[in-house]
Amino acid sequence: HGQLVESGGGLVQAGGSLRLSCVSSGHSFSRYDMAWFRQAPGKERERVASVNWNGGGKNYADSVKGRFTISTDGDRTLYLQMNSLQFSDTAIYYCAGRRAFSSGYNEWGQGTQVTVSS
C-alpha cells in the first residue's frame, strides 16, 4: 500500500475557501478510485466526494454539492476545493483510495483538520 498525506486544512471563516491536497508516496492514482471523507466530533465518518480511476464518475454528498470539487492531477495528487464553507463543514478530512473495481477503501491518510468559524 502507498502512503497518503493530506495537507491544506486550517481555520477559516464561514463563507471562505480552502483547498485540500492529498499526495501519494507509493503509487499514482491511475488505477485507483479516490475519495475524500470527513468525520466531525460525535458523528460518523461520511464520504464527501469521490472520483473514479479514470477521472470520471465524480460523486458528492448532498451537503457539499455545488460547493466542493474533487479533482486529481492525473498522477499522485488529489484535491478537494471547498468553497462557501459552513460551520457544519468543520471536521477532520481524510483522503482514501482503493484499487479500481475493488470494494472498500483500504488506503487512508492521517487526516487534516478543517475548522470553520461562524
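Colleague: Which residues have the most contacts inside the largest nonpolar core?

Modeller: Keep in mind that we are looking at a predicted model. Its largest nonpolar core has 26 residues. At least two of these core residues come from each of strand 3, strand 4, strand 5, strand 7, strand 8, strand 9 and strand 11. Inside the core, the residues with the most contacts are Trp36, Phe68, Leu78, Leu80, Met82 and Tyr93.

Colleague: Let's take Leu80. Leaving aside neighbours within four places in sequence, which residues is Leu80 in contact with?

Modeller: Leu80 is itself among the core residues with the most contacts. With those sequence neighbours within four places set aside, its partners are Leu18, Arg19, Leu20, Trp36, Val48, Ala49, Phe68, Thr69, Ile70 and Tyr93.

Colleague: Now for charged side chains. How many residues apart in sequence are the parts tied together by Asp33 and Arg98?

Modeller: The side chains of Asp33 and Arg98 meet in a salt bridge, 3.3 Å from N to O. Asp33 belongs to strand 4 and Arg98 to strand 9, so the pair ties together parts that are apart in sequence by 65 residues.

Colleague: Is Arg98 buried or exposed?

Modeller: Buried means under 20% relative accessible area. The relative accessibility of Arg98 is 19%, so Arg98 counts as buried.

Colleague: Glu46 and Arg38 also meet in a salt bridge. What is the relative accessibility of Arg38?

Modeller: Their side chains meet at 2.6 Å, N to O. Glu46 is partly exposed, with a relative accessible area of 30%. Arg38, in turn, counts as buried, and its relative accessibility is 5%.

Note on methods: Residues numbered from 1 in each chain as written. Predicted model: local features only at pLDDT ≥ 70, side-chain atom pairs only at ≥ 80, totals over all residues. Heavy atoms only, no water. Core = buried A, V, L, I, M, F, W, Y, C linked by side-chain atoms within 4.5 Å. Buried < 20%, exposed > 50% of the residue type's maximum accessible area, 1.4 Å probe, protein only. Helix = DSSP H or I, 4+ residues; strand = E, 2+ residues; numbered from the N terminus. Contact = heavy atoms within 4.5 Å. Salt bridge = Lys/Arg side-chain N within 4 Å of Asp/Glu carboxyl O.
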